[in-house]
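Student: I am new to this structure. Please take me through one part of it closely, the place where two helices meet, and then add some single residues.

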Amino acid sequence: PGSANLDITAAALGLGVALKEAGKNVIMGSTGQPVVAQSRLVGIDQLAQKLGNRNLVISFEYIQDAIEKVSYNVEGKKFNLVIQPKEGARPLDPASVSYAYEGSDAEIIFVVGAKNLAELGNLYLTEKAVFDKAMVVNIDNQPGNSRYGQVNLVDNLTPSVSQLVVRLLQSLGVKLAADAARNLMQGLEAATQKFQHPGVGAETFETAAALLRAGASRAEVDSVQQQTKTTEFSQVLEQLQPSPDWLKPPKVYSGSSES
């Protein structure tokens with residue numbers, strides 16, 4: 001969803017990176033804009049705001065009844081699309097041609113951190129046909145999840161969605177690559193408040209251990225949090241305008257005593 005927090009975003013990107021490492025063709029999407037706390041997540045720059053990238057669409061300015069025929073031919077490895085104008089009509093202006101992608105296809109859609117499909121916004125609204133055809137895997141830990149998937153990995157007793165993703169990857173036998181582990185560790189620590197959340201149990205620490213063995217580092221999470229604190233502190237300092245009198249030497253007063 002567009003409102004995803006650090007844990008949800010880290011979980012989704014950790015899952016996507018792990019599946020890419022396993023040789024799968026993956027598209028990762030969200031309608032939201034990344035925030036500072038998510039800037040160190042691997043793959044954050046690969047989040048698409050629409051899923052359609054399967055069909056190449058060629059568009060141009062069209063004058064009614066100006067086209068006689070559209071055909072194609074192949075020369076070696078080159079595909080040629082031929083647009084033939086009607087007799088007396090002007091040829092197509094190359095400057096008016098534009099290219100875009102639309103339409104998508106998927107065998108499996110993993111929805112991470114959404115209580116229902118409506119929370120995905122345009123990712124769902126523009127691709128309903130794809131969602132209807134694909135197997136939808138619903139991964140979430142929020143109470144009130146509508147269990148809309150063909151597979152529902154929903155557990156509101158688990159404090160972190162990243163923990164659920166690690167459980168899923170382990171059950172599928174997918175190797176935890178270092179980049180995926182780093183993402184998931186950031187999400188795990190953020191969601192559990194550095195393992196202070198009351199829902200933290202043995203499985204949470206086992207998850208952290210597996211991520212550390214796969215190449216994650218707690219120092220990376222601390223670095224992100226410290227960077228955010230430093231930015232906030234700098235903003236406070238900028239608002240302080242010291243008085244010129246602060247820089248003057250202190251005044252010294254002397255008195256006299258009478259005996």
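Tutor: Here is the helix contact, with the confidence of the model before it and three loop residues after it.

This is a predicted model, in which local features need pLDDT of at least 70 and side-chain atom pairs count only at pLDDT 80 or more, while totals for chains, interfaces and linings use all residues. Residues are numbered from 1 along each chain as its sequence is written, and side-chain values use heavy atoms, with hydrogens and water left out.

Start with confidence. pLDDT is the predictor's confidence in each residue, from 0 to 100. The protein chain averages 85, and 81% of the residues score at least 70. Among its elements, strand 7 (residues 151-154) has the highest mean, 98. Helix 7 (residues 218-239) has the lowest, 54. Where pLDDT is low, the predicted coordinates should not be read in detail. Helices (H or I, at least four residues) and strands (E, at least two) are DSSP runs, numbered from the N terminus.

Now the two helices. Helix 4 spans residues 161-172 and helix 6 spans residues 202-213. Their axes come within 10 Å and cross at roughly 65 degrees. That makes helix 4 roughly perpendicular to helix 6 (65 to 115 degrees). Axes here are lines fitted to C-alpha atoms over the stretch in contact, and angles run from 0 to 180 degrees between N-to-C directions. The crossing is left-handed: the near helix is turned anticlockwise from the far one by less than a right angle.

Which residues make the contact (heavy atoms within 4.5 Å)? Helix 4 brings Gln163, Val166, Arg167 and Gln170. Helix 6 brings Glu203, Thr204, Thr207, Ala210 and Leu211. By class, three residues are nonpolar, four polar and two charged. Ala, Val, Leu, Ile, Met, Phe, Trp, Tyr, Cys and Pro count as nonpolar, Asp, Glu, Lys and Arg as charged, and the others, Gly among them, as polar.

Next, the loops. Lys194 lies between helix 5 (178-192) and helix 6. Lys194 is not a glycine, yet has a positive phi of about 55 degrees. Its relative accessibility is 33%, so Lys194 counts as partly exposed (buried is under 20%, exposed over 50%, partly exposed in between, with a 1.4 Å probe and protein chains only). Arg147 sits in the loop between strand 6 (135-140) and strand 7. Arg147 is not a glycine either, and its phi is positive, about 50 degrees.

Finish with Gln46, in the loop between helix 1 (6-21) and strand 1 (55-59). At 39% relative accessibility, Gln46 is partly exposed. Leaving aside neighbours within four places in sequence, Gln46 contacts Lys20 and Met28.

Methods
Parallel < 35°, antiparallel > 145°, perpendicular 65-115°, else oblique. Contact = heavy atoms within 4.5 Å.
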